[in-house]
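I opened my notebook beside the viewer today and jotted down what I looked up, one entry at a time. Here are the notes, in the order I took them.

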Amino acid sequence: MPTVVVGGAVANKHLNGGEAWVRLSWILGLRRLGCRVLFVEQIDPAACVDEHGRQTAFAGSANRRYFDDVMTQFGLTGSATLVLGSGEATSGTDFGDLLDAVSDADLLVNISGNLHSPDLMRRIRRKAYVDLDPGFTQFWEVAGNRGARLAGHDVYFTVGESIGTDGCTIPTAGLDWRPVPPPVVLDEWPVVTGGDAFTTVGAWRGAFGPVVHEGHTYGLKVHEFRKVIELPKIVRAAPFEIALAIHPGDDQDRDALVANGWRLTDPRAETPGPLEFRDFVQRSRAEFSVAQGIYVETRSGWFSDRTVRYLASGKPALVQDTGFSRFYPVGEGLVPFRTLDEAATGAASILADPAGHSAAARALAEERFDSDKVLARFLEEALG
């Protein structure tokens, strides 16, 4: 089996257990297939902060501690390296030794273009880009914004199933985008029965600002949530909870959420690490979530890595349709909605048959998102 370098952000997204799972799923999933896997992450000196969010030196940063803790929890200490800048310092393998190690790699899996050091990139024979933000990535590229770092890869993958197909308005930016579902390592996500609330984890406005393309402004997650803010008042048989990162400037929205019956918690307290994130998902009754407006409006087919972990845990997912219903079986286990009324109907369906929806959720995860299947196909395409 090949030697694979996975590049991705864990320290850059410290105290975000869900984001850690995205990268862990690739690392652990590829190892399950017999690959030798090296995880390499780059972090800019300006991104290194202390526990209060104040910029600090790399050596004592909260980012480095978080990276080391997560790698230790999953037995990855000897095969994971956090690189400061272009190699000024590392946590893990010495940079010179890292250069030697990646020279033996058959493939780079570059999640969201995190890895960009020229010294590292030129030593890896084949490079695959994995896009987690369809729409943002491509619209930025056609606008001349190179922040996604698309250049220099041999093959391009995206969780936006619709890109390049009829009905999707996202430009390809001249690249052949291959769909890849978010993988989940099923052994890490066993079925857990029961649960109280419909839950989700997220940021009110998301990580990026609005995108404007040809005079049209694509909305953010906040705009989609406002459309269904009354849902807990309509569906009274179960609570709705969000571990929500929301800026103090959005107090009016926070007050509206609470007034409409949403339970709000702090994701940095509830889901700071991958183990806490897993606990949060598995004590839920089901997922309820909206998507970024850009994913919905473009009919991107985006599917959430968070949702696949709910499904694997036997938790049905009531989630806003981004066009994914064209590609995945829906109705049981995975319930899409477009309007407030459809969301209420979907919630009622889940509450009426929890066992049926739970079984269907796990079955869908096993059939379509199992890392053994997803990553085996990925390797076949990525290695050419």
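**Entry: a strand pair.** I started at Glu 287, which stands opposite Ala 317 in β15. This is a predicted model, so I keep that in mind for every entry. Next I checked the two strands themselves: β14 (residues 286-289) and β15 (residues 317-320) run in the parallel sense and pair over 3 bridges.

**Entry: the sheet around that pair.** I then traced the whole sheet and found 6 strands, ordered β13-β12-β9-β14-β15-β16. The sheet is open, and its pairing is parallel. At its edges I noted β13 (262-265) and β16 (334-337), each of which pairs on one side only. On average, neighbouring strands here are turned by 25 degrees against each other, direction ignored. I also looked for a helix on this sheet and picked out α10 (residues 274-282), which packs there and touches β9 (198-203) and β12 (240-245). The direction of α10 makes about 145 degrees with that of β9.

**Entry: another sheet.** My next stop was an open sheet of 8 strands in the order β4-β3-β2-β1-β5-β6-β7-β8, and this one has mixed pairing. Its edge strands are β4 (89-91) and β8, each pairing on one side only. For neighbouring strands of this sheet I wrote down an average turn of 25 degrees, direction ignored. Helix α2 (residues 62-73) packs on it, in touch with β2 (36-43), β3 (80-84) and β4. Between the directions of α2 and β3 I have about 170 degrees.

**Entry: β7 and β8.** These two strands pair in the parallel sense over 3 bridges. In β8, Arg 178 is the bridge partner of Phe 157.

**Entry: Ser 162.** Which loop holds Ser 162? I found Ser 162 in the loop between β7 (155-158) and β8 (177-179). Is Ser 162 buried or exposed? Its relative accessible area is 0%, and the cut-off for buried is under 20%, so Ser 162 counts as buried. Beyond its neighbours within four places in sequence, I listed contacts of Ser 162 with Cys 168, Arg 299, Ser 300, Gly 301, Arg 326 and Phe 327.

**Entry: a pocket.** Last, I looked at the second largest pocket, with a volume of about 180 Å³. Phe 157 and Phe 327 turn up again here, among the lining residues. Others in the lining include Glu 161, Pro 179, Tyr 328 and Arg 368. What supplies the largest share of the lining? Helix α15 (residues 371-382) does, with 4 residues. By character, I noted 8 nonpolar, no polar and 4 charged residues in the lining.

Methods. Residues are numbered from 1 along each chain as its sequence is written. This is a predicted model: local features need pLDDT of at least 70, side-chain atom pairs count only at pLDDT 80 or more; totals for chains, interfaces and linings use all residues. Side-chain values use heavy atoms; hydrogens and water are left out. On a 1 Å grid over the protein atoms alone, a cavity is a set of points where a 1.4 Å probe fits but cannot get out, and a pocket is an open set with protein on both sides within 12 Å along at least five of seven lines; lining residues have an atom within 4 Å of a point. Grid points are joined across faces, edges and corners, and a volume is the space filled by probe spheres set on the points. Ala, Val, Leu, Ile, Met, Phe, Trp, Tyr, Cys and Pro count as nonpolar, Asp, Glu, Lys and Arg as charged, and the others, Gly among them, as polar. Buried means under 20% relative accessible area, exposed over 50%, partly exposed in between (1.4 Å probe, protein chains only). Contact means heavy atoms within 4.5 Å. Two strands pair if DSSP finds at least two bridges between them. Axes are lines fitted to C-alpha atoms, for helices over the stretch in contact, and angles run from 0 to 180 degrees between N-to-C directions.
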